Amino acid sequence: MTQRFNGKVALITGAASGIGAATARLFASEGALCVLADISEDGAKALAAELGDSAMAIACDVSKQSDVDAMVQAAVDRHGRIDILFNNAGIGSFGTSVELTAEAWETVIAVDLHSVFYACHAAIPHMPRGSAIVNTASISGLGGDYRFAAYNAAKGAVVNYTRALAVDHARDGIRVNALCPGLVDTPITAGFHDIPGLKEDWTRRIPMGRAAQPEEMAHVAAFLASEAASYVTGSIIVADGGATAHTGQPEIAQFADSPTE
Ligand SMILES: NC(=O)c1ccc[n+]([C@@H]2O[C@H](COP(=O)([O-])OP(=O)(O)OC[C@H]3O[C@@H](n4cnc5c(N)ncnc54)[C@H](O)[C@@H]3O)[C@@H](O)[C@H]2O)c1
């Protein structure tokens with residue numbers, strides 16, 4: 001197996017579950033020294049135990065700057081530098097701008113957006129030339145969804161902040177890109193499966209007709225973090241089974257056999 005990340009120090013937030021955990025497993029399988037940060041200390045520790053001595057777990061609430069500073073310091077104390085920063089921790093939200101409380105709005109913006117600034121602010125001084133940052137945004141950062149107002153705002157900001165980071169730090173030899181997943185089968189979306197008919201309607205709207213597995217996102221994050229992406233920076237990489245390629249207009253052939261007659 002190729003070892004794209006041999007000896008590379010990878011700091012991953014939201015590492016205990018879903019996309020973060022799948023990415024940590026892939027990075028570690030290719031030689032990375034993984035620093036696994038999550039608000040779930042037990043989850044991060046369990047994954048670190050699975051990955052072995054090269055991995056370490058850190059309890060961190062990414063919405064708190066002091067926690068993020070401590071997370072970066074712990075990684076630097078152990079390894080002396082950070083080669084890959086995967087800003088992946090995130091939470092969803094539900095509600096229109098009238099329904100959302102200010103507190104709910106501020107929580108989503110803090111966890112999904114402020115966290116990325118805090119981590120970049122603290123980590124970039126410890127990132128050598130050739131390093132890479134990958135931010136998990138979402139296709140919800142590229143358009144609006146019904147009742148996802150705060151999430152749409154946070155992820156949209158992560159998309160453009162990624163471009164700003166890429167421009168500011170290109171001359172430092174640090175590449176910065178965003179991953180925009182569509183629907184991925186992880187605990188964050190598991191609750192949707194309990195709503196009758198929702199999963200079927202959702203997957204029907206995806207040209208590939210299914211949700212992604214977290215490992216499919218890990219492979220995209222790994223490409224962006226790897227040397228193979230050495231000239232890729234400021235890019236917003238969509239991995240959504242074709243969801244945003246579609247205009248949303250109906251499939252005419254479902255209603256008429258010969259639509260041009
Ligand atoms: N699953 C999807 O369909 C989907 C689609 C687009 C984008 N995303 C994004 O992917 C990222 C990962 O989500 P996932 O689908 O793997 O979900 P997940 O719930 O499986 O994983 C998220 C992880 O983040 C951690 N976390 C939550 N709040 C935190 C905080 N304040 N500090 C530190 N850690 C915290 C959780 O404990 C969890 O381990 C998120 O940014 C999410 O918005 C997910």
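**Cysteines and the ligand shell**

C34 is buried, with a relative accessible area of just 1%. This is a predicted model, and its cysteines make a good starting point. C120 is buried as well, at a relative accessible area of 2%. Neither burial value settles the question of pairing, so turn to the sulfur distances, given that a disulfide requires two cysteine sulfur atoms within 2.5 Å. For C34, the closest cysteine sulfur belongs to C60 and is 16 Å away, so the gap is too far for a bond. For C120, the closest cysteine sulfur is again in C60, at 13 Å, and therefore also too far for a bond. The count for the structure is 0 disulfides.

Now move to the ligand. It is surrounded by 28 residues. The closest of them are S17, I19, D38, Y151 and T186. By class, the shell holds 15 nonpolar, 10 polar and 3 charged residues.

Several polar contacts reach oxygen atoms of the ligand. In the side chain of Y151, an N or O atom sits 2.6 Å from a ligand oxygen. K155 places a polar side-chain atom 2.9 Å from an oxygen of the ligand. G18 uses its backbone instead: an N or O atom there lies 3.4 Å from a ligand oxygen. Taken alone, the ligand exposes 820 Å², and the protein buries 91% of that.

Which elements give two or more residues to this shell? They are α1 (18-29), α5 (149-169) and α6 (187-190). The largest share comes from α6, with 3 residues.

Conventions. Residues numbered from 1 in each chain as written. Predicted model: local features only at pLDDT ≥ 70, side-chain atom pairs only at ≥ 80, totals over all residues. Heavy atoms only, no water. Buried < 20%, exposed > 50% of the residue type's maximum accessible area, 1.4 Å probe, protein only. Near = heavy atom within 4 Å. Polar contact = N/O pair within 3.5 Å; in protein donor to acceptor, adjacent residues only side chain to side chain. Areas by Shrake-Rupley, 256 points an atom, 1.4 Å probe, with all protein chains shown as cover. Helix = DSSP H or I, 4+ residues; strand = E, 2+ residues; numbered from the N terminus. Nonpolar A, V, L, I, M, F, W, Y, C, P; charged D, E, K, R; others polar.
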